[in-house]
Amino acid sequence: MQTFTKMILAIYSQNPAAATSQITQRIGVPPRMIRQARAWLGKTGYLEKDENLNWHATDIGFNALSDFDRNKAMDEAHFLSEATGIAAKALGADRDEISGFVLMDKGMTNDSYIFLCRGKTYIYRRAGHGSEMLVDRYREYSNYLVLQGRGISDVVVYHNPIDGTKIAEFIEESKGIDTNNPDHMREALKAIRKLHNADIVSPHDFDFIKTIDFYEEICHNVEVEFFPRYYKYKEIIKDLLAKVDKLHVKKCFCHIDFVPGNCLLNKDGRVVLIDWEYSGRQDPIVDVAMFCISADFDKNRSDELLVQYLERDATKEEWARFYTYIATAGLMWSLWSEFKTANGEIFEGYTKRTFNLCRRYSKLARDLFNEIDAENKDNDKDKDKVLNF
């Protein structure tokens with residue numbers, strides 16, 4: 001049961017004669033939302049109406065209220081009141097034309113609510129606690145501006161880069177992708193290739209080291225205890241990225257947070273990409289590495305995905321870049337997870353898993369770069385022999 005719905009139940013458990021207008025005045029939520037909550041509570045047996053048309057909490061209703069957190073409920077009511085006002089203004093509607101606001105997804109960085117206005121469905125994104133420290137909302141805002149009309153991303157109708165609030169059109173009949181479904185994976189790769197091949201000029205770069213340094217700083221501020229040998233692996237990562245830089249890889253506009261949860265299949269079976277807060281100019285192989293981390297692919301599946309993305313076998317340099325990015329992102333996301341955990345959120349095993357990816361894949365990347373260096377030295381010797389002949 002939604003926290004807001006529990007609040008309506010609590011109000012009627014105390015005052016069966018409470019009028020919709022009284023509740024509206026008390027918590028500031030549009031009457032339509034109160035009527036919807038009350039109707040649902042009556043239909044499901046939490047409330048019942050007497051002969052005087054007053055609403056009473058049933059035994060089931062009182063049981064549901066046994067662990068009711070009133071402070072949390074008031075916070076939720078205040079949020080809904082503010083959110084409906086923002087949605088109404090953004091859509092040019094009256095507050096009572098807004099209905100629903102059901103929590104659809106509690107994500108790792110944001111919470112998403114679904115609501116209706118004039119027969120159309122929208123998604124209201126509420127930035128999660130502490131996300132203002134982890135996400136540059138102005139970056140996200142500028143990313144959506146360059147993505148408009150490309151048919152790659154969700155359609156945004158309101159965006160506040162200050163607090164991270166975003167309203168987007170709901171993708172009708174959409175569903176998340178199944179990473180074990182070859183057709184879904186094919187569509188996801190098609191979508192990311194379309195992004196990489198688009199003539200989009202990125203408004204900024206995505207810099208791994210700057211992001212890691214920033215995450216490290218905010219972790220220090222909340223007294224995070226880093227993994228043993230964290231600083232050793234950070235130096236290894238810096239060395240690997242320096243080797244990648246010497247390859248002068250052609251970069252493009254990348255999603256960066258290309259993960260299964262940000263790939264939605266629309267009713268036509270095409271993948272639409274959402275959540276662009278990390279996006280920027282980078283090596284396109286970064287996106288493949290990010291997907292493998294989030295999907296928790298083992299090395300075999302990760303290798304297969306890179307080959308599928310490239311539509312050919314990878315070169316030794318491409319494998320080295322790929323493993324470098326998995327290792328680097330593993331370190332970066334472990335810091336992200338450390339900060340979120342310090343702020344009271346639990347990601348079971350995620351911090352350890354991502355740091356272990358850094359340890360394992362950094363070795364693979366170093367071994368490959370050593371092979372490449374040795375081959376280059378041999379080639380130089382061969383050239384010298386020819387020149388000296």
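Which residues line the largest cavity? The model examined here is predicted. A search of the whole structure finds one cavity of 30 Å³ or more. The space in the largest cavity comes to about 40 Å³. Its lining consists of Cys292, Ile293, Asp296, Phe297, Ser302, Ile326, Arg353, Leu357 and Tyr361. By class, six of these residues are nonpolar, one is polar and two are charged. Two helices, helix 11 (285-294) and helix 14, each supply at least two lining residues. Helix 14 gives the most, with three residues.

Helix 14 spans residues 350-388 and also holds Thr354. This residue is buried, with a relative accessible area of 0%. Beyond its neighbours within four places in sequence, Thr354 is in contact with Ile293, Gly330, Leu331, Trp333 and Ser334. Among these contacts, Ile293 is also one of the residues lining the largest cavity.

Cys292, another lining residue, was considered next for disulfide bonding. A disulfide is a covalent bond between the sulfur atoms of two cysteines. For Cys292, the closest cysteine sulfur is in Cys263, at 12 Å, and this is too far for a bond. The sulfur of Cys263 in turn has its closest cysteine sulfur in Cys292, also 12 Å away. A disulfide requires the two sulfur atoms to be within 2.5 Å, so this pair does not qualify. The count for the structure is zero disulfides. Both cysteines are nevertheless buried: Cys263 has 0% relative accessibility, and Cys292 has 2%.

Key: Residues numbered from 1 in each chain as written. Predicted model: local features only at pLDDT ≥ 70, side-chain atom pairs only at ≥ 80, totals over all residues. Heavy atoms only, no water. Helix = DSSP H or I, 4+ residues; strand = E, 2+ residues; numbered from the N terminus. Buried < 20%, exposed > 50% of the residue type's maximum accessible area, 1.4 Å probe, protein only. Contact = heavy atoms within 4.5 Å. 1 Å grid on protein atoms, 1.4 Å probe; cavity = no way out; pocket = protein on both sides within 12 Å on 5 of 7 lines; lining within 4 Å. Points joined across faces, edges and corners; volume = space filled by probe spheres on them. Nonpolar A, V, L, I, M, F, W, Y, C, P; charged D, E, K, R; others polar.
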